Amino acid sequence: LLDIRWFTESMEAGHPVTVQDRHTLQVNPKPNIDPAAMLMKSYACQRRTPLKHHNSILTDALEILAQNAEYNDNEGRSVAFRRAASVLKALPHRVKSMEDLRSLPCLGDHSQRVIKALTGIFGVGVRTADRWFREGLRSPDDLIRTGQQLNRAQQAGVQYYNDLQKPVTKAEADVISDIVEKAVHAVLPGAEIQLMGGFRRGKEVGHDVDFLITHPEEGKEEGLMPKITNWLEEQGLLLYQKTTRNSYLEKMDGPARAPNNMDRFERCFSIFKLQASAESCKSNSTTSVQDISTGSETERPRDQHSEESDWRAVRVDLVVSPYSQFAFATLGWTGSKLFERELRRWAGQEKHMSLSSHALYDSKQNLYLRAKTEEEIFAYLGLEFIPPSERNA
Ligand code: DCT
Ligand code: MG
């Protein structure tokens, strides 16, 4: 039988599992101690978390509870569940006596499912989804039927809803990588492009594709994003885009300022129009973007996208970073989200440092620590280097 005490105890002091949670998990405490559990490090950034692990049934359930807590605006509880799931992911063996855990309550509440469907729309947050739910709306179609006021992002979210629900495959991400590379090099030769997010961590599917772009000559990256999006738009490859400017200034954002989870790079939230045939053409790397973009635009207007369509919509995030911040941006944009959060917590609590996707500040020495590689940042933080494939916390 499972001894789950280790996992309650290994959760750091700030986020103990509540009596309620213990009860929810219905685990039978037994006095035998699991040696792997004894070795479990408390911060996610101290341990290796592979993508494929031994406890996904348990962690899926815990992550649903985490999501549930998030919908109820209980961030502390949500993070506690995510941390618990993350610990189980890092465990080198399967947890026994799963039967007890399968019958978890509070997973099937109908309203939660509806809100989940509504928050699943690109551009819609929990609060908006909750308001719509209280107004009696139950699906994306209801929004259109009742003539809800939608902003541009929400319109795109509803219009491409079905596509955006479908996971993006690694093969699709690779095709998009080729397109982005082509676009970036067309407008700024010598720029460097790196696939980020889940795909950099070795995931086979994701909800979007994330890219980080820089140029070895600092300053050349300024104003790059509009050029990229213009180029993509001219090729008919963008269904939606919203660019936010870089607002990071080291002097202004220095240690005195409260840390902000959001970074301030020039960033483009976009929806790409990806030809279905592009994937099968993938092996033929000479396929030009021009080829990919022709056809569908004339055959089928954007707003009549159907299931039989020869293209699909894919969420793509583009981020531009100055070269001097590239290592920090790379570390920040690789994820996972929990891993990032834990890195920042480790930095602050254990090292008196402040880590962001822009910089690492040492509060004891009162100076910024510069780094060219992720390895250097781990070293500053006194952490063993963990490769991207093992940051799936
Ligand atoms: N990130 C961040 N700050 C943000 C947004 C994202 O630090 N404001 C980081 C965390 C993970 C990474 O960027 C990419 O974000 P997502 O695409 O949301 O996560 P993912 O791990 O790539 O997940 P998915 O595979 O579903 O896209
Ligand atoms: Mg992603």
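Hi everyone. A quick definition to start: a polar contact here is a pair of N or O atoms within 3.5 Å. Please also keep in mind that this is a predicted model.

Let's go to ligand 1. With that cut-off in hand, look at Gly 198: one of its backbone N or O atoms sits 2.8 Å from an oxygen atom of ligand 1. Arg 201 joins in through its side chain, where a polar atom lies 2.9 Å from a ligand 1 oxygen. Asp 208 also uses its side chain, with an N or O atom 2.7 Å from an oxygen of ligand 1. How much of ligand 1 does the protein bury? On its own, ligand 1 exposes 560 Å², and the protein buries 85% of that.

Zooming out a little, ligand 1 is surrounded by 14 residues. The closest are Gly 198, Lys 203, His 207, Asp 208 and Lys 337. Two helices contribute to that shell: α13, residues 197-200, and α19, residues 326-334, each supply at least two residues.

Now, you have met Asp 208 already, and here comes its other role. Which residues coordinate the magnesium ion, ligand 2? Asp 208 and Asp 210 do, each through OD, at 2.0 to 2.1 Å. Are these two aspartates buried or exposed? Asp 208 counts as buried because its relative accessibility is 7%, under the 20% cut-off. Asp 210 is buried too, with a relative accessible area of 8%.

Next, the sheet. Asp 210 falls within strand β4, which covers residues 209-214. Five strands make up an open sheet, ordered β2-β4-β7-β6-β5, with mixed pairing. Why do β2 and β5 each have one side without a neighbour in the sheet? Strands β2 (192-195) and β5 (238-244) stand at the edges, each with a single partner strand, so one side of each is left free of a neighbour in the sheet. From one strand to the next, the twist averages 25°.

Inside that sheet, β4 and β7 run parallel, paired over five bridges. One residue pair to click on is Ile 213 with its bridge partner in β7, Val 320.

Staying on β7, which spans residues 311-320, let's finish with Arg 312. Arg 312 counts as buried because its relative accessibility is 9%. Where does its side chain go? The Arg 312 side chain reaches the backbone oxygen of Lys 166 at 3.1 Å. A polar atom of that side chain also lies 3.1 Å from the backbone oxygen of Pro 167.

That's my tour. Thanks for listening!

Technical notes: Residues numbered from 1 in each chain as written. Chains lettered and ligands numbered in written order. Predicted model: local features only at pLDDT ≥ 70, side-chain atom pairs only at ≥ 80, totals over all residues. Heavy atoms only, no water. Donors = N, O, S within 2.8 Å, 3.2 Å for Na, K, Ca; no water. Buried < 20%, exposed > 50% of the residue type's maximum accessible area, 1.4 Å probe, protein only. Helix = DSSP H or I, 4+ residues; strand = E, 2+ residues; numbered from the N terminus. Polar contact = N/O pair within 3.5 Å; in protein donor to acceptor, adjacent residues only side chain to side chain. Pairing = 2+ DSSP bridges. Axes fitted to C-alpha atoms, helices over the stretch in contact; angles between N-to-C directions. Near = heavy atom within 4 Å. Areas by Shrake-Rupley, 256 points an atom, 1.4 Å probe, with all protein chains shown as cover.
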